[in-house]
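Me: I would like a close look at a single part of this chain, with the answer set in the context of what surrounds it. Please take it slowly and keep each step of the reasoning visible.

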Amino acid sequence: MTELLFKGKEFVWNHHLAVPFRPLVMHPGKGIGAPRLDGNLIVQGDNLHALKALLPMYAGRVDCIFIDPPYNTGNEGWCYNDNVNAPMIREWLDANPIGIEDGLRHDKWCAMMWPRLRLLHELLAEDGVIFVCIDDNELYNLRLMMDEISGDSSHWIGTIIWKNVTDNNPTRIAVEHEYILCFSKNKNSVEKIWKSTFSEVKDLLVRIGEEFVRGFPDQNALQSAYTQWFREHKGELWPLDRYKYIDKDGIFTGSQSVHNPGREGYRYDVIHPRTGKPCKQPLMGYRFPEETMRELLQQDKIIFGDDHEKIIELKVYAKDFLDKLPSVIELDGRAAAYELRDIFPDRKKVFDTPKPTQLVEKILSYATKRNSFVLDSFAGSGTTAHAVMNLNAKDEGQRRFILVEGENYADELTRERVARVQAGVPGAMSEPLKSGLGGEFTYCTLGAPVELDAILQGADLPSFAALAGVLFHMATAQPLNPAQMDEGRGYVGPAGGAHVWLIYRPDLDWLKSPAAALTLTYARDRAAEHPGDRHLVFAPARHVSQRLLDAEGLAVEFVPLPFALYRLERA
């Protein structure tokens, strides 16, 4: 595997480990619904710190990551300002925007992305996938970096070319595309990721087909009954909702366009069987030659309209369905700007480079299930959340999103877009923007770092929940489920046959008192709650030795918190 080398790599190699944990601070007045950390989240704050803050709850739980980082064109104004305390690269930390003339801008971009990609990799589930948008400026650096972080090049699923019909290159070559790199966390899970999206729906079609065929032997009655059922249950069939025809054998068929997008296609006449006149041709022509069309007609795979004025369609069968995410997606990038204007009719300028919701929605439709967790740590205008909500509306899914945005517009744009899409925009030109998609989300900022060294002096004492999340993740390498935490009893949560406890209050005087120490009575009570299991107790001090705990057969282990209070034990 080819190694990517860039200036500062040795200093940022493990920089993500040095980033302090910071608690997520909820702001109920800026969200919709009851505030919660295990639902839809919008986090305002530097994405490096935000990703570290998400680890205690979400490590290994995110099913799909979609990010649109700076492309490093030299005109974007992003800064390299990570606090990497290495003298050789201190000159990078002046927070000046990266310019086109900056000879080190590619190195700085790699140094900025490396720790963020490392944390994203930790957050990704074992069968998860990550999509990263990029253009030619950093395509090759990104590919090598992703190969190295993933372990080898076999984790690369493919590269999507987004043909966005936008020429932003002053050279003689009109640049009309960008890229989206796709990598898997586990190279053995790729087939499961792709196929599982459709298996439940295909099983539903087969079951429904058998039921309808038994009840309606007449073809017309069969189709009529299924059409009515299809209208009522279309959401459950997505993304196979194109299959709206059923025959007497319970075989579902649907339609697919025959036009050739993007360039001039084949032109020839297809005669309508009832009117005897040539059918109306697609604007760009057919996408396959006349010989192929003759074969399709012989195989009864062409769907004709009532007359020759309707463009013909290609018949497709659900039983043969194995869809693949195309490597080329053509979608006018200006659609995103139009959509934002519809959402924000009260603003003249909304966002410079938004991604079209249809683009993200198409990708997520292949890479997520109905209950998937989706993360975007370069959230921008909030397109990823909008796409997730659209998908949920189509298939009645329960996908959840986490958005991270460090810029000031996280509140006035990112959060506001999600709120408007959920609640509805009365003046919008299209549905469902006008009526709203519904849903909830919690808005968060980042609290003060949980600096374990600072706790030694009793400074910046974190909340119980913040400290519990950090300690649980450090002790078990698993995310904490806040629903299982019980602060009143000091219970943090279970982990593989063990239980984690925390004797703590954010009160220095209390922490210095005997009440904050592990005692024999406390150990007996904990062991009695879960006999046979191991118990890990974090506390500032203890009044019982490990030898006595072992002698009583109590599977309780004391883990000292980083307080300068051990004199209580020594005294």
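Is Y58 buried or exposed, and what is its relative accessible area?

Reply: The model is a predicted one, and everything that follows should be read with that in mind. Y58 is buried, since its relative accessible area is 1%, and the cut-off for that label is under 20%.

To see what the ring of Y58 takes part in, it helps to start from the aromatic pairs as a group, which number six. One of them joins F6 to W114, whose ring centres are 6.3 Å apart with 55° between the planes, an arrangement that counts as tilted. Because F6 belongs to the segment before α1 (9-12) while W114 belongs to helix α4 (residues 105-123), this pair ties together parts that are 108 residues apart in sequence. Both F6 and W114 are buried. The pair that concerns Y58 directly is the one with F373, which is edge-to-face, at 5.1 Å from centre to centre and with 80° between the planes. Since Y58 sits in helix α3 (residues 47-58) and F373 in strand β12 (residues 373-376), the contact ties together parts that are 315 residues apart in sequence. F373 has a relative accessibility of 3%, so this partner of Y58 is buried as well. As for the other pair, F6 and W114 also join W13 in one aromatic cluster.

The helix that carries Y58 can then be placed against α4, the helix of W114. The two helices, α3 and α4, pack with their axes 10 Å apart and at an angle of about 15°; angles under 35 degrees count as roughly parallel, and α3 and α4 are therefore described in that way. The crossing in which α3 passes α4 is left-handed. A further residue of α3 is N47, which is counted as buried because its relative accessibility is 9%. Its C-alpha atom is separated from that of R116 by 7.6 Å, although N47 and R116 are 69 residues apart along the chain.

Between strand β3 (62-67) and α4 runs a loop that holds N72. This residue is buried, because its relative accessibility is 0%, and its phi has a positive value, near 60°, although the residue is not a glycine. Most residues other than glycine have a negative phi. D300 offers a second instance of a positive phi of about 60° in a residue that is not a glycine. D300 is found in the loop between α8 and β9 (302-303), and with a relative accessible area of 47% it is partly exposed, whereas N72 is buried.

The cysteines can be considered in turn. C64 is buried, because its relative accessible area is 0%, and C110, at 1% relative accessibility, is buried too. The cysteine sulfur closest to that of C64 belongs to C182, at 7.8 Å, which is too far for a bond; a disulfide would need the two sulfur atoms within 2.5 Å. The count of disulfides by that rule is zero.

Two further rings have a charged side chain placed over them. The charged end of R143 sits over the ring of W156, at 4.0 Å from the ring centre, and R526 lies over the face of Y522, at a distance of 4.4 Å from the centre of that ring.

Two other places bring residues together across shorter stretches of sequence. L511, in helix α15 (residues 508-511), is buried because its relative accessible area is 0%, and its C-alpha atom is 6.8 Å from that of P540, a residue 29 positions away along the chain. P278 lies in the loop between β8 (252-256) and α8 (290-298) and is partly exposed, with a relative accessible area of 39%. The C-alpha atoms of P278 and Y268 are 9.1 Å apart in space, for a separation of 10 residues in sequence.

To return to the residue you asked about, Y58 is buried at 1% relative accessible area, and its edge-to-face pair with F373 ties helix α3 to strand β12.

Key. Residues are numbered from 1 along each chain as its sequence is written. This is a predicted model: local features need pLDDT of at least 70, side-chain atom pairs count only at pLDDT 80 or more; totals for chains, interfaces and linings use all residues. Side-chain values use heavy atoms; hydrogens and water are left out. Buried means under 20% relative accessible area, exposed over 50%, partly exposed in between (1.4 Å probe, protein chains only). Rings of Phe, Tyr and Trp (its six-membered ring) pair if their centres lie within 6.5 Å; planes under 30 degrees apart count as stacked, over 60 as edge-to-face and the rest as tilted. Helices (H or I, at least four residues) and strands (E, at least two) are DSSP runs, numbered from the N terminus. A charge sits over a ring if NZ of Lys or CZ of Arg is within 6 Å of the ring centre and within 35 degrees of the ring normal. Axes are lines fitted to C-alpha atoms, for helices over the stretch in contact, and angles run from 0 to 180 degrees between N-to-C directions. Angles under 35 degrees count as roughly parallel, over 145 as roughly antiparallel, 65 to 115 as roughly perpendicular and the rest as oblique. A crossing is left-handed if the near helix is turned anticlockwise from the far one by less than a right angle, and right-handed if clockwise.
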